[in-house]
Amino acid sequence: MTTTTRKNMLPPGLVNNLQEVLLSRKGGNSDKKDEQPKPEDSTETSTSASDENDNSKPVVLVTNGEGIDSLGLVYLVQALVASGLYNVHVCAPQSDKSVSGHSVTIRETITVAPSEIEGATAYEVSGTTVDCVSLALSGALFSWSKPLLVISGINRGSSCGHHLFYSSVVAGAREALICGVPSLSISLNWKREESQESDFKDAVAVSLPLITAAIRDIEKGAFPKSCFLSIEIPTSPSTNKGFKLTKQSMWRSAPNWLAVSANRHPSSAAHFMSNQQSLGLQLAQLSRDASAAGAARRITTQRQNVEVESVGTVKSDNKVKKYFRLEFINKEQEDADEDLDFKALDNGFVAVTPISLSPQIESDIQTAASDWISSVLKEEQ
């Protein structure tokens, strides 16, 4: 199966104004957050409200892991809106949560605020990606009870192999499946030295045929109900070799912990981490791109550069505070099955991997575990 990439798939006006829209969104200071909407906003608000209640089009919910300002999400939503086929809703983190896994926020109140994405009803949430999906599907935020499809992405960086367990873009699709809603997660295999921002537009073009087919078959009742699809797009989307059905691999980058000098970290580090509280490991990507493009979005750092800080909320003279930096280093890959996700991705294919929630264990593992448990129980008797 092959794909055809359509050039200039987005309306020129939207493409040209994207940078200005994102900069204006980020440029507002905190004092403006409490201001009441201006009178001229009433027309747009009523339009969004009417769109949300439009039952003539299938509802598609979009989320991601990198935050609502990320270009992958913005380009995807614009393309879905431009098609005129869907009632598009967005519920995404207000900041980068790209490696927070399937964590949720408990014992804390999360905040939700409207977000301006033309043609879509959008909210930004202070919690994780899973918080966003769970809230959106709860009926507490949107007027509809269930969307036809949840799309999580498009995120920067591969989610192949064991990275799937860390990935919040995959977790967003998994949470939707747990709630009984068909879902897709989409990631672009971004490489620092090769990739450019326009690759996200090409990634959207590559994804649309599969999204269209999924929605068509969901309406027919022909889409698989026991799994979601993890879609991995190669580094050069426009020259991909087509879709390939793949299997989840055991591949992972090598973790490398480094001690970091304390003087590299501002005193606000504790406050930064306290704002990231949630279940699971708290990972924050802190390397920021100083370019104009980076200023136009909250997320610019790469998946390969992740920091985990051991920060106490109270500094004591009797305690020594230590800082560590976690870097994932790509390893040389040995010969592997061509049908594994990372191998197909490296070979230029769009890797499509079904991910199941089934608790079934392979028979040899089940037998080994049963034998061990039986032997232990006999020893205890």
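Here are four short exercises on this predicted model, each with a worked solution.

Before you start: residues are numbered from 1 along each chain as its sequence is written. Because the model is predicted, local features need pLDDT of at least 70, side-chain atom pairs count only at pLDDT 80 or more, totals for chains, interfaces and linings use all residues, and side-chain values use heavy atoms, with hydrogens and water left out.

**Exercise 1. Work out how many helices and strands the chain has, and what share of its residues is buried.**

Step 1: Count the DSSP runs, numbered from the N terminus, taking helices as H or I with at least four residues and strands as E with at least two. You get eleven helices and twelve strands.

Step 2: Call a residue buried if its relative accessible area is under 20% (exposed is over 50%, partly exposed in between; 1.4 Å probe, protein chains only). Buried residues come to 46% of the 381 in the chain.

**Exercise 2. Describe how helix 4 and helix 6 pack.**

Step 1: Find helix 4 at residues 129–137 and helix 6 at residues 168–178; their axes are 8 Å apart, at an angle of about 25 degrees. Axes here are lines fitted to C-alpha atoms, for helices over the stretch in contact, and angles run from 0 to 180 degrees between N-to-C directions.

Step 2: Angles under 35 degrees count as roughly parallel, so helix 4 is roughly parallel to helix 6.

Step 3: List the contacts (heavy atoms within 4.5 Å). Thr 129, Val 130, Val 133, Ser 134 and Leu 137 of helix 4 meet Ser 168, Ala 171, Gly 172, Glu 175 and Ala 176 of helix 6.

**Exercise 3. Take Ala 171 in helix 6 and find what surrounds this residue.**

Step 1: Check its accessibility: Ala 171 is buried, at a relative accessible area of 0%.

Step 2: Skip neighbours within four places in sequence, and Ala 171 is in contact with Gly 101, His 102 and Val 130.

Step 3: Now look along the chain. Ser 98 is 73 residues away from Ala 171 in sequence, yet their C-alpha atoms are separated by 9.9 Å.

**Exercise 4. Place strand 5 among its partners.**

Step 1: Two strands pair if DSSP finds at least two bridges between them. Strand 1 (residues 59–63) pairs with strand 5 in the parallel sense over four bridges, and Leu 61 stands opposite Val 150.

Step 2: Strand 6 (residues 183–188) also pairs with strand 5 in the parallel sense, over five bridges. Here Asn 155 stands opposite Ser 187.

Step 3: Check burial across residues 149–156: eight of the eight residues of strand 5 are buried, so the strand is largely enclosed by the rest of the structure.

Key. Angles under 35 degrees count as roughly parallel, over 145 as roughly antiparallel, 65 to 115 as roughly perpendicular and the rest as oblique.
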